[in-house]
Amino acid sequence: MSESSKKIKVTICCGTYCYVMGGEELQQVKEILSPKLMQQIDFRYSTCLGYCKENNKKPPFAEVNGKCISEATIEKIIRGLETQIKEEGNGV
């Protein structure tokens, strides 16, 4: 299992509720990241991640390797990526 074959999966919710609550801006995260970092990430978009049904979470939503980011911002997504990279760099 080589490093290059395992990408970090980022999913951004593009559902109506998330979109009107600020999710539209989240798609710009790809413009901020370095080309080297972009090679390590698999970006996906979802019509709904389903977190809006949970009372303790607020839109917009994103996921980094399945971990929910509530009230997502570009900065929170980048922090989630940094955390994921550190965790993978530590070997476990």
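**Reading a sheet and its helices**

On the other side of helix 1 from its buried residues, Val20 and Glu25 are exposed. This comes from a predicted model.

User: Which residues of helix 1 are buried?

Analyst: Happy to start there. Buried means under 20% relative accessible area. In helix 1 (residues 16–26), the buried residues are Cys18, Gly23 and Leu26. Because they cover an arc of only 15° around the axis, they sit on the same side of helix 1.

User: What do the buried residues of helix 1 pack against?

Analyst: Their packing partners are strand 1, helix 2 (29–32) and helix 4.

User: Strand 1 brings us to the sheet, then. What is the order of its strands?

Analyst: The four strands form an open sheet with the order 2-1-3-4 and mixed pairing. Strand 2 (41–46) and strand 4 (67–69) are the edge strands, each pairing on one side only. On average, neighbouring strands are turned by 20° against each other, direction ignored.

User: How many bridges join strand 1 to strand 3?

Analyst: Strand 1 (residues 8–13) and strand 3 (residues 62–64) run antiparallel and are joined by three bridges. Val10, for example, has Val64 in strand 3 as its bridge partner. Helix 4 (residues 74–89) packs on this sheet and touches strand 1, strand 2, strand 3 and strand 4. The direction of helix 4 makes about 160° with that of strand 1.

User: Take Gln84 in helix 4. Why does Gln84 count as buried?

Analyst: Gln84 counts as buried because its relative accessibility is 9%, and the cut-off is under 20%. Leaving aside neighbours within four places in sequence, Gln84 is in contact with Ile8, Val64, Asn65 and Lys67.

Definitions and conventions
Residues are numbered from 1 along each chain as its sequence is written. This is a predicted model: local features need pLDDT of at least 70, side-chain atom pairs count only at pLDDT 80 or more; totals for chains, interfaces and linings use all residues. Side-chain values use heavy atoms; hydrogens and water are left out. Two strands pair if DSSP finds at least two bridges between them. Helices (H or I, at least four residues) and strands (E, at least two) are DSSP runs, numbered from the N terminus. Axes are lines fitted to C-alpha atoms, for helices over the stretch in contact, and angles run from 0 to 180 degrees between N-to-C directions. Contact means heavy atoms within 4.5 Å. Buried means under 20% relative accessible area, exposed over 50%, partly exposed in between (1.4 Å probe, protein chains only). The arc is that of the directions from the helix axis to the C-beta atoms.
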